[in-house]
Amino acid sequence: MEQPGPSRGTFSAKSDSFQDAVRTLNTLQTNASYLEQVKSQQGDPQTKLEAMKLYLARSGLQVEDLDRLNIIHITGTKGKGSTCAFTERILRSYGLKTGLFSSPHLVQVRERIRINGQPISPELFTKHFWRLYRRLEETKDSKSCVSMPAYFRFLTLMAFHVFLQEKVDLAVVEVGIGGAYDCTNIIRKPVVCGVSSLGIDHTSLLGDTVEKIAWQKGGIFKHGVPAFTVPQPDGPLAVLRERAEQISCPLYLCPPLEALEEEGPPLTLGLEGEHQRSNAALALQLARCWLQQKDHQGIRELKASKLSFLHQLPLAPVFQPTSHMRLGLRHTEWPGRSQVLRRGHLTWYLDGAHTSSSMQACVRWFRQALLRGERRSSGPEVRVLLFNSTGDRDPAALLKLLQPCQFDYAVFCPNLTEVSSTGNADQQNFTVTLDQVLLRCLEHQQHWNHLDEEQATPDLWSAPSPEPGGPASLQLASCPSHAHSTGSLVFSCISHALQWITQGQDPVFQPPSPPRGLLAHPVAGSGASVLREAAAIHVLVTGSLHLVGGVLKLLEPSLSQ
């Protein structure tokens, strides 16, 4: 049985605005103190899955009703969100009405539930939220102190209701965490399942080895339902194979994208980065399998080859992608993943990488993007890292992978757009306290400074030493910059970090005057001069999708509308 999080608040029939709905939804987040208690006293995960089925029944649905959604169920450690985006866009290009459930959201919570690639409207979100909330209130057990599922479970239930009532042709459903005991795994008859690249993440919940994590991910396999995965290390691949064999799930290994390009022109992907080719290869197999299972008329265009075996797994067919598939891949959009925003001489590189393997891919993408970019002037160029890491991830390992990028400044801040998030319900997070997130940022800075001292290397792109001075700084702490090392700063929120990085030079991000009372540190003062005089500024934002979302909220105000 779930335990209560923070105070639930009293429901009022007048509370019908979108922001009211989101604020009420946020009360279903598990509060920080209780989350620590849960981690130390984890119950039977199977019981939690059964509880999800009871919530579904209380909401007016049975698990059999979900069969009508023609679901594609996707899990993995890295790339599962991008794979979902590719898969949805490919099938939408066939004229199908698609639903997509993914997490987390970047700016607004309604991004998690999409129809035909677009987040559901505030009006539709509000209508379905209160309908589900009322239903669960009406059906609560008087003997139980819990009437509502937790935040992610509620959104999962809501997505199922939205997709059924909006009569989608199919729903692409991304697993939240793991697979076997994830609340999305009440799905009993998906059309096809997919497993993207595996790695280490959420170790306190899933296990501390890739093999243990693979066991959890393979939990979404279903009897007789085709499943596909990309090449994995031998250990986790063997676990996936065993999981599939145990329940008679036909599991296939995706051939590389190059194999599908042999008889036609190269495929163009809407998402940047070499690592996206693996996600696209998986998406093509999932989409092709779905079309075959549903006897879609366009399937006759496909030219499949015979199956072969690799690593004791049958290799998925090599086929020539159709024009619809090519169109879908080319037009796929997935903000916050390998995304570039160019604003005058400021260039923002946004990628929510938060595992070692995804960070390696992010670093490759960033460095390749810098090499491809043309130098627009002969003046100094500055590289800035904006970083945060949350949960049980290892920030030292992630930061070490970022060292080769040779940043001039490393900036750390919490995933808060402003010091106070009360004005924006989408940014509220009760799972951590402000003290916790600020202390963590200071730890990140210490990790970075230690790595910087160990691996200091000449920076060929560094700017000349500026004159001291500059506007009042906004940071909580700083570390002086030395020759061949990175200056590091900690700010109390994303807005303050961006004010320092942009120095008023971003044409869209034009915040009010900096708050008073924050002291200038040497790094902030001298760095402000360097940034103002730079011919080009390259900013990599990474380590957390929530951080990327907060940055996008400020740089792209239209996303909040």
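These legends walk through several close-up views of one predicted model.

In this predicted model, local features need pLDDT of at least 70 and side-chain atom pairs count only at pLDDT 80 or more, while totals for chains, interfaces and linings use all residues. Residues are numbered from 1 along each chain as its sequence is written, and side-chain values use heavy atoms, with hydrogens and water left out.

**View 1. The whole protein, before zooming in.**
The secondary structure adds up to 18 helices and 17 strands; both are DSSP runs numbered from the N terminus, helices being H or I over at least four residues and strands E over at least two. Of the 561 residues, 57% count as buried, where buried means under 20% relative accessible area, exposed means over 50%, and partly exposed is in between (1.4 Å probe, protein chains only). Take the contacts (heavy atoms within 4.5 Å) between residues at least 6 apart in sequence: 80% of them join residues at least 24 apart. About 23500 Å² of the protein is exposed, with carbon and sulfur atoms supplying 52% of that; accessible areas come from the Shrake-Rupley method with a 1.4 Å probe, and for residues only the protein chains shown count as cover.

**View 2. Y133 and F154, a tilted pair of rings.**
A search of the whole structure turns up 17 aromatic pairs. Rings of Phe, Tyr and Trp (its six-membered ring) pair if their centres lie within 6.5 Å; planes under 30 degrees apart are stacked, over 60 edge-to-face, and the rest tilted. Here the ring centres of Y133 and F154 are 6.4 Å apart and the planes meet at 55°, so this pair is tilted. Y133 belongs to helix α5 (residues 122-138) and F154 to helix α6 (residues 151-165), so the pair links parts of the chain 21 residues apart. Both Y133 and F154 are buried. Pan out a little and there is an aromatic cluster made of F18, F125, F129, W130, Y133 and F154.

**View 3. Y349 and F366, an edge-to-face pair.**
With centres 5.0 Å apart and planes at 85°, the rings of Y349 and F366 are edge-to-face. Y349 sits in strand β12 (residues 346-350) and F366 in helix α13 (residues 356-372), so the pair ties together parts 17 residues apart in sequence. Y349 and F366 are both buried.

**View 4. R243 over W215.**
The charged end of R243 sits over the ring of W215, 3.7 Å from the ring centre. To count, NZ of Lys or CZ of Arg has to be within 6 Å of the ring centre and within 35 degrees of the ring normal.

**View 5. The second largest pocket.**
This pocket holds about 750 Å³ of space. Of its 32 lining residues, R114, E333, W334, P335 and L559 are the closest to the centre. α4 (80-92), β4 (118-119) and β11 (339-343) each give at least two residues to the lining, and α4 has the largest share, with four. On a 1 Å grid over the protein atoms alone, a pocket is an open set of points with protein on both sides within 12 Å along at least five of seven lines, a cavity is a set where a 1.4 Å probe fits but cannot get out, and lining residues have an atom within 4 Å of a point. Grid points are joined across faces, edges and corners, and a volume is the space filled by probe spheres set on the points.

**View 6. The second largest cavity and the cis bond at P104.**
There are two cavities of 30 Å³ or more, and the second largest has about 70 Å³ of space. Its lining is S102, P104, H105, L106, E111, R112, R114, W334, P335 and R337. The S103 to P104 peptide bond is cis, with omega near -5°, and P104 lies in the loop between β2 (98-101) and β3 (113-115).

**View 7. S495 and the residues around it.**
S495 is in helix α16 (residues 494-502) and counts as buried at 3% relative accessibility. Neighbours within four places in sequence aside, S495 is in contact with L416, T417, E418, F509 and L554. The C-alpha atoms of S495 and T417 are 5.5 Å apart, although 78 residues separate the two along the chain.

**View 8. Positive phi at K167 and S338.**
K167, not a glycine, has a positive phi of about 55°. K167 is in the loop between α6 and β5 (170-174) and is exposed, with a relative accessible area of 66%. S338, also not a glycine, has a positive phi near 50°. S338 is in the loop between α12 (323-330) and β11, and counts as buried at 4% relative accessibility.
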